[in-house]
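Trainee: I should like to go through the terms used for this structure and see how each is justified.
Mentor: Then let us take them in turn.

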Amino acid sequence: MASTQREGASVLGVRVDRTSYAEASQLVASWAGDGAARYVCVANVHTTIVARSDTDFRGVVNAADLVTSDGMPLVWMLRLLGARRAGRVYGPTLMLHICEEAARQGLEVGFYGGTPVAVRAMVTRLTQQFPSLRVSYAFAPPFRELTEAEDAAVVEDVLASGTRILFVGLGCPKQERWMARHRERLPLVQVGVGAAFAFHSGSVRQAPGWLQSLGLEWLFRLAMEPRRLWRRYLSTNPRFVMLALMQLLRLRRFD
């Protein structure tokens, strides 16, 4: 299935769409109601840099039906590249908007990823926040590649559950690859939401809104999880800045 082309721009060769929480959540709900097989990616600096180094992964992201601007640096790039009304559509917040819309329309939602403890806590919190939310599936897979038989059982369970919107929280790039690989086998809408499971379960704190608006959420997350994240931010952030400047100054083309 071809991706749905929307207004946006190519940031270092990665398609990023200009959208909003309201538009994206209504779009996902309409796709879910139609029984469409689609997937949504949320793109940030890390996603973009991984895509620069891996053409197959770049193809996975660019083939998505919607790619939102998860991080402020991508929002700023969209604006500088012509999408002047672009705003941030952050994965964890988008998930709440989609859950609200799904609850309103009676659409079943499912969750794949995280840990068993985090998934249980998240589902409890979300159903308290949205009492009409219909959670039809929740599974935290082991931290390894599933066997073919295990993967087939996951697909069978998701299909049997009647899930219309499946939130996938496996982290980048694993969740994007998983969604693309399962697109033809799961006639529903998959939404990759990154760290949303950890945030909404209460196991990891989110950065304050003012830090997020300044594009400094990475600094807060680094302070929270330095041993896990320092290598990522040390390698990706400077490289993104350098390549973004090259694109803006037209010193290099990113097809």
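**Terms and their grounds**

Mentor: Helix α5 (residues 91-105) has 15 residues and reaches 21 Å from its first C-alpha to its last, close to the 21 Å expected at 1.5 Å a residue. This is a predicted model, in which local features need pLDDT of at least 70, side-chain atom pairs count only at pLDDT 80 or more, and totals for chains, interfaces and linings use all residues. Residues are numbered from 1 along each chain as its sequence is written, and side-chain values use heavy atoms, with hydrogens and water left out.

Trainee: What makes α5 a helix, and how is its expected span obtained?

Mentor: Helices (H or I, at least four residues) and strands (E, at least two) are DSSP runs, numbered from the N terminus. The expected span is 1.5 Å times one less than the number of residues. With 15 residues, α5 has a span close to that expectation.

Trainee: Why is Leu12 called buried, and why is Arg250 called exposed?

Mentor: Buried means under 20% relative accessible area, exposed over 50%, and partly exposed in between (1.4 Å probe, protein chains only). Leu12 has 0%, so it is buried; Arg250 has 75%, so it counts as exposed.

Trainee: What is notable about phi in Leu12 and Arg250?

Mentor: Phi is positive in Leu12, near 55°, and in Arg250, near 60°; neither is a glycine. Most residues other than glycine have a negative phi. Leu12 lies in the loop between β1 (8-11) and β2 (14-17), Arg250 in the segment after α12 (226-248).
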